[in-house]
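User: Please take me through this model in short questions and answers. I will start with packing, then move to rings, charges and cysteines.

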Amino acid sequence: MPRNQFQRMVYAFLTVLATVHGYVFYSLYVVNGGTLMSLTGTTNVLAAINKQGGIYMFGSHFPIWAVILVEFGFAYLLEMLLGSPYSYKLASKVFDPSKTHPVLFETAIICATVGLMCPAMSFIASLLYYPYYSGFNIAVLFAEWLKLICFNLPFAFFTQLFFIQPLIRSVFKFLYRKDIQAQNVLN
């Protein structure tokens with residue numbers, strides 16, 4: 001897997017790219033789709049988003065592409081500062097990387113990353129999508145944060161473990177196949 005800082009940045013970029021699109025889709029269609037359609041009187045989520053003028057964020061409505069860019073920026077920054085460095089450290093506290101099967105150790109890293117990133121990104125989402133038009137209340141923010149964690153944690157765990165990370169590992173191995181082959185020759 002990533003052997004230097006540039007490769008870690010590429011790996012994080014690929015992971016966040018896949019993850020943000022998945023979570024925006026999940027949030028809009030699965031979690032909030034019914035509410036959006038009932039509020040606007042439309043029969044599909046995309047029509048509901050268009051009818052309300054975009055997705056509510058920061059107290060205004062933004063197009064989907066802007067929401068994805070904002071979430072991507074926050075997620076990539078958090079992944080580089082929190083997710084990548086600390087998930088490896090947490091997994092290493094439980095398992096010795098040199099004595100643990102690589103699949104088990106990678107699974108521990110994925111679980112630690114989800115455990116760190118899901119609450120952090122849920123908090124950011126709570127701030128981004130807070131209903132500022134009704135005033136600000138810290139208790140409402142906290143309740144929204146906990147609600148988002150409850151919605152996002154199972155989705156994050158299963159998608160990262162079974163879909164996103166296997167896909168990203170395959171893409172990463174394809175992109176860096178020459179570097180991986182050279183490393184294997186040295187070993």
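User: Which helices do the buried residues of helix 2 pack against?
Analyst: This is a predicted model: local features need pLDDT of at least 70, side-chain atom pairs count only at pLDDT 80 or more, and totals for chains, interfaces and linings use all residues. Helices (H or I, at least four residues) and strands (E, at least two) are DSSP runs, numbered from the N terminus. Contact means heavy atoms within 4.5 Å. The buried residues of helix 2 pack against helix 1 and helix 3 (45–51).

User: How wide an arc do the buried residues of helix 2 cover around the axis?
Analyst: Buried means under 20% relative accessible area, exposed over 50% and partly exposed in between (1.4 Å probe, protein chains only). In helix 2 (residues 33–40), the buried residues are Gly33, Leu36 and Thr40. They sit on the same side of helix 2, because their arc, taken from the directions from the helix axis to the C-beta atoms, is only 70 degrees.

User: Which exposed residues does the face of helix 2 turned away from its buried side carry?
Analyst: Residues are numbered from 1 along each chain as its sequence is written, and side-chain values use heavy atoms, with hydrogens and water left out. Helix 2 is followed by Gly41, with a positive phi near 75 degrees. On the face turned away from the buried side, the exposed residues are Ser38 and Leu39.

User: How many residues apart in sequence are the parts tied together by Tyr23 and Phe155?
Analyst: The structure holds 18 aromatic pairs (rings of Phe, Tyr and Trp, its six-membered ring, with centres within 6.5 Å; planes under 30 degrees apart are stacked, over 60 edge-to-face, the rest tilted). The rings of Tyr23 and Phe155 have centres 5.2 Å apart and planes at 80 degrees, so this pair is edge-to-face. Tyr23 lies in helix 1 (residues 5–31) and Phe155 in helix 6 (residues 138–175), so the parts it ties together are separated in sequence by 132 residues.

User: Is Tyr23 buried or exposed?
Analyst: Its partner Phe155 is partly exposed, at 24% relative accessible area. Tyr23 has a relative accessible area of 15%. That value makes Tyr23 buried.

User: What is the relative accessible area of Phe105?
Analyst: The rings of Tyr88 and Phe105 have centres 5.5 Å apart and planes at 80 degrees, so the pair is edge-to-face. Tyr88 is in helix 4 (residues 64–94) and Phe105 in helix 5 (residues 102–128), 17 residues apart. Tyr88 is partly exposed at 41%. Phe105 is buried, with a relative accessible area of 8%.

User: How far apart are the closest N and O atoms of Glu106 and Arg169?
Analyst: The structure holds two salt bridges (a side-chain nitrogen of Lys or Arg within 4 Å of a carboxyl oxygen of Asp or Glu). One of them links distant parts of the chain, with Glu106 in helix 5 and Arg169 in helix 6, 63 residues apart. Glu106 is partly exposed at 23%, whereas Arg169 is buried at 17%. The closest N and O atoms of Glu106 and Arg169 are apart by 3.2 Å.

User: Which residue forms a salt bridge with Lys147?
Analyst: The closest N and O atoms of this pair are 3.4 Å apart. The partners are three residues apart in helix 6, so about one helical turn separates them. Lys147 is partly exposed at 37%. Its partner is Glu144.

User: How many disulfides are there?
Analyst: A disulfide is a pair of cysteine sulfur atoms within 2.5 Å. For Cys111, the nearest cysteine sulfur, that of Cys118, is 12 Å away. For Cys150, the nearest is also that of Cys118, 9.3 Å away. By this rule the number of disulfides is zero.
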